[in-house]
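User: Please take a close look at one part of this model and describe it in connected prose. I should like the answer to set out the terms it relies on.

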Amino acid sequence: MPVARKFSYACDGNLTVDVTLRGERARVVFKEKTYSMTQVRSGSGARYAEGSIVWWNKGYEGFLQDESDPNHPVMLAENCKQTSPPPNSGATAHAVSGTVAYRERIAMPENANLTIQLQDTSRADAPAQVIAQQEITFAGRQVPVPFELAYEPAKIDPKHTYSISARITVDGQLRFLNASAYLVLTQGHPAKVNLMLQSVTPPAK
């Protein structure tokens, strides 16, 4: 199960919004009311909704509004800015989660090793910087293999681009890797991704 991430926001009019994120779900508390929201498609930022009530955030800012009338939405809390999380809130437990799979109908041997990395890929002219890494030995597991990659929030710059990469090796030989970029965390990208790896052709003997 994805790790819960808790945030507090201070908004105009001395209003506050408390948000708990877990995967694609958000629990939003505002004026002693609690909304259980689900992430919905957004062209920019992260958007969550329960009925007509919508929480939208991008980076460290956000707002809450009632969209009962889509043409005339009512702002409930605006200019919300993320503040320091309250003590013992568990907000330091940040993680990217998801699954790793491949299309081929083959089983991995017991000693197959899956390596997952959270990388800063902002600079095209420099190697990706590894922010966090997790290694999983298959030991009888088969795809899709779930993962939860914890990271330190202080290492994440909202202006940077981050992605998840994964590879499977057997006896040190690369067997599968991701050929597509899986962007996460910043600039409206999610904290949960499902990676589909591609087979690597073994060298000719």
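By class, how many nonpolar, polar and charged residues does the lining of the largest pocket have?

Analyst: The lining of the largest pocket has 15 nonpolar, 11 polar and three charged residues; here Ala, Val, Leu, Ile, Met, Phe, Trp, Tyr, Cys and Pro count as nonpolar, Asp, Glu, Lys and Arg as charged, and the others, Gly among them, as polar. The model is predicted, so that local features need pLDDT of at least 70 and side-chain atom pairs count only at pLDDT 80 or more, whereas totals for chains, interfaces and linings use all residues. Residues are numbered from 1 along each chain as its sequence is written, and side-chain values use heavy atoms, leaving out hydrogens and water.

The largest pocket has a volume of about 630 Å³, taken as the space filled by probe spheres set on grid points joined across faces, edges and corners. Among the 29 lining residues, Arg5, Phe7, Gly59, Gln82 and Leu185 are the closest to the centre of this pocket. A pocket is an open set of points on a 1 Å grid over the protein atoms alone, where a 1.4 Å probe fits, with protein on both sides within 12 Å along at least five of seven lines; lining residues have an atom within 4 Å of a point.

Strands β1 (5–11), β5 and β6 each supply at least two residues of this lining, strands being DSSP E runs of at least two residues, numbered from the N terminus. The largest share, four residues, comes from β1.

These strands belong to a closed barrel of eight, β1-β2-β3-β4-β5-β6-β7-β8, with antiparallel pairing. Neighbouring strands of the sheet are turned by 30° against each other on average, direction ignored, with axes fitted as lines to C-alpha atoms.

Within the barrel, strand β6 (residues 53–58) has five of its six residues buried, that is, under 20% relative accessible area with a 1.4 Å probe, protein chains only. On one side, β6 is joined by five bridges to the antiparallel β5 (residues 46–50); two strands pair if DSSP finds at least two bridges between them. The hairpin of β5 and β6 leaves two residues between the strands, and Gly51 in this turn has a positive phi of about 60°. Strand β6 also pairs with β7 (residues 61–66), in the antiparallel sense over six bridges. That hairpin likewise has two residues between its strands, and Gly59 takes a positive phi near 65°. Gly59 is thus both a hairpin residue and one of those closest to the pocket centre. Val54 links the two pairings: Ala49 stands opposite Val54, and Gln65 is the bridge partner of Val54 in β7.

Conventions:
Buried < 20%, exposed > 50% of the residue type's maximum accessible area, 1.4 Å probe, protein only. Axes fitted to C-alpha atoms, helices over the stretch in contact; angles between N-to-C directions.
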